[in-house]
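Thanks for coming, everyone. I'd like to walk you through one structure today, starting with the empty space inside and then moving on to the surface and the charged pairs.

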Amino acid sequence: MFLFKAKLNTYEKLYISILVSLIIFSLFFSLPSIHSNIGISSKILDIGDRNFYINNSTLGYGYVNYTGNFLYPYILKGITFVSRLFGANQYSYIWNSLTILITLLLSITTLHLIRLSSVILFDDKVANLASLIYILNPYSYFYPLSGGINTYMTFGVTIVFYLFCKLNGNSLRIKKKKNLSIIIFITTGCMFLSSLRPTGSLFSFTILFLLLYKYLKEFIKYRYNKELKIVSILIISAGIIFVFYNFNSVLGYSIDNLKIFSSEAGSYFGYPRDYLREKLILMQEGLIGNIKSLIYTIIWKLTDFISGISDIRDTFTMASSNKLFLFFVRITTGIFILFPLNLFSLIAIFIHRRFIIRSQIWIVILACLVGISPSLIGIANSRYLLHFYTPFLVFASKLLSDIIDIDKKVNS
């Protein structure tokens with residue numbers, strides 16, 4: 001497979017060592033989570049929204065009025081089936097071990113692909129910095145040890161990003177037939193993401209639609225490799241149909257969640273959101289009042305979005321939780337890792353905008369932004385960003401590498 005030509009480096013070996021150590025530790029002591037615990041010894045493994053993905057409904061997942069995407073529940077059903085062969089159920093060490101083993105492998109592969117993508121786009125120094133940031137992020141351990149859907153999403157986005165780097169990186173000179181194989185893998189990756197979450201469908205549709213436009217344009221404009229272009233167009237079109245079908249099948253789930261997002265309770269930097277909504281509605285009298293209400297709403301949503309995806313404050317109130325450790329870890333991660341990462345990535349994308357456009361990586365960046373765009377409506381949560389954050393991680397590492405180089409030149 002062309003995905004895994006490079007060997008594991010020191011950072012990847014370090015990450016594997018830490019993950020394995022935590023898994024061994026979790027054999028004897030479960031680790032705290034918001035709803036229950038994570039780790040192999042957890043009595044009820046907190047995969048996130050467990051009652052939604054595993055229940056006694058007709059399909060075995062979803063709620064009465066709607067269901068979510070099928071792939072993750074089916075993976076859990078497969079794990080349950082294998083566990084029963086050993087006489088175990090979904091609350092056993094065997095079930096937990098199998099669930100965590102999958103996300104463990106996906107997380108390790110994600111780090112490997114981040115490094116390879118960084119090398120293709122930039123150099124080893126950027127790759128090492130990106131690997132280090134990934135290792136320092138507590139969520140790189142929390143989500144694999146929970147066995148949740150978040151690791152699947154991050155893996156899917158990372159593999160599509162890596163394939164785009166292979167397809168369009170400046171340092172590459174690939175043959176057209178290999179180009180076609182990459183298109184097949186990109187389409188497959190998008191189909192995988194659309195089978196996980198509605199936001200995966202938004203990301204995938206953006207990717208495939210822009211690729212389809214690109215190949216249709218080339219097919220009309222250029223005469224060479226017509227057959228390969230036709231095959232690529234057909235493959236991408238099939239992917240778009242699959243993605244659209246997946247999104248349409250969970251439309252009720254998406255609409256209901258958007259309603260919840262738009263009426264989120266809790267507080268916005270200490271200001272009750274319900275009270276803030278009432279004041280903005282009362283303000284809408286006359287042209288000036290409507291303009292003021294619109295300006296305040298834009299400020300509210302943008303700042304709420306930026307702070308929420310950076311974990312600087314709680315999007316979902318944690319006042320009812322007695323687990324102060326989780327609260328402080330989350331806030332610390334937001335202030336010292338996620339917010340600097342987000343800030344650095346935005347600056348890096350602006351600085352390297354010409355390179356991003358020239359290498360076609362802008363397609364993936366745009367798709368990631370589309371994927372997290374529902375968070376602008378009301379609920380901005382770091383896990384929604386972490387689904388799509390690996391491309392931003394690479395560019396943040398590039399900026400950090402440039403700063404280090406400038407510092408060395410100044411002090412030399």
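Let's look at the lining of the largest cavity, sorted by class: seven nonpolar residues, eight polar ones and no charged residues. Please keep in mind that this is a predicted model. In total, 15 residues line that cavity, and Y134, Y139, S140, Y143 and T154 are the ones nearest its centre. Which elements give two or more residues to this lining? They are α4 (93–121), α6 (139–146) and α7 (149–168). As for how much room there is, the largest cavity holds about 130 Å³ of space.

How do we find such places at all? Rolling a probe the size of a water molecule over the atoms shows where empty space is left. Counting cavities of 30 Å³ or more, we get two. The second largest has about 40 Å³ of space. Its lining is made up of F52, Y53, G68, N69, L196, R197, P198 and Y253. Sorted by class, that gives five nonpolar residues, two polar and one charged.

Now let's go out to the surface. If you turn the model to V20, I24, F25, L27, F28, F29 and Y93, you are looking at a nonpolar patch, and together these residues have about 700 Å² of accessible area. Which helix gives the most to the patch? That is helix α1, residues 10–26, with three residues. F25 is found in helix α1. Is F25 buried or exposed? Neither label fits: its relative accessibility is 41%, so F25 counts as partly exposed. For those who like the cut-offs, buried means under 20% and exposed means over 50%, with partly exposed in between.

On to the charges. Side chains of opposite charge can pair when their charged atoms come close. How many salt bridges does a search of the whole structure find? The search finds six, and I've picked a few to show you.

The first one I'd like to show joins K125 and D405, with the closest N and O atoms 2.5 Å apart. This pair links distant parts of the chain, since K125 sits in helix α5 (residues 124–136) and D405 in helix α18 (residues 390–411), 280 residues apart. K125 has a relative accessible area of 34%, so it is partly exposed. D405 has 25%, so that residue is partly exposed too.

Next, have a look at helix α12, residues 273–282. D274 and R277 both lie in this helix, three residues apart, which is about one turn. Their side chains meet in a salt bridge, at 3.0 Å from N to O. Here the two partners fall into separate classes. D274, at 42% relative accessibility, counts as partly exposed, whereas R277 is buried because its relative accessible area is 17%, and buried means under 20%.

Finally, back to helix α18, where K398 and D402 both lie, four residues apart and about one turn of the helix. The side chains of K398 and D402 form a salt bridge with an N to O distance of 3.2 Å. And is K398 buried or exposed? K398 is buried, with a relative accessible area of 14%.

That's my tour, and I'm happy to go back to any view you'd like to see again.

Terms used
Residues numbered from 1 in each chain as written. Predicted model: local features only at pLDDT ≥ 70, side-chain atom pairs only at ≥ 80, totals over all residues. Heavy atoms only, no water. 1 Å grid on protein atoms, 1.4 Å probe; cavity = no way out; pocket = protein on both sides within 12 Å on 5 of 7 lines; lining within 4 Å. Points joined across faces, edges and corners; volume = space filled by probe spheres on them. Nonpolar A, V, L, I, M, F, W, Y, C, P; charged D, E, K, R; others polar. Patch = residues over 30% accessible without salt bridge, like charges linked within 9 Å, V, L, I, M, F, W, Y side chains within 5 Å. Areas by Shrake-Rupley, 256 points an atom, 1.4 Å probe, with all protein chains shown as cover. Salt bridge = Lys/Arg side-chain N within 4 Å of Asp/Glu carboxyl O. Buried < 20%, exposed > 50% of the residue type's maximum accessible area, 1.4 Å probe, protein only.
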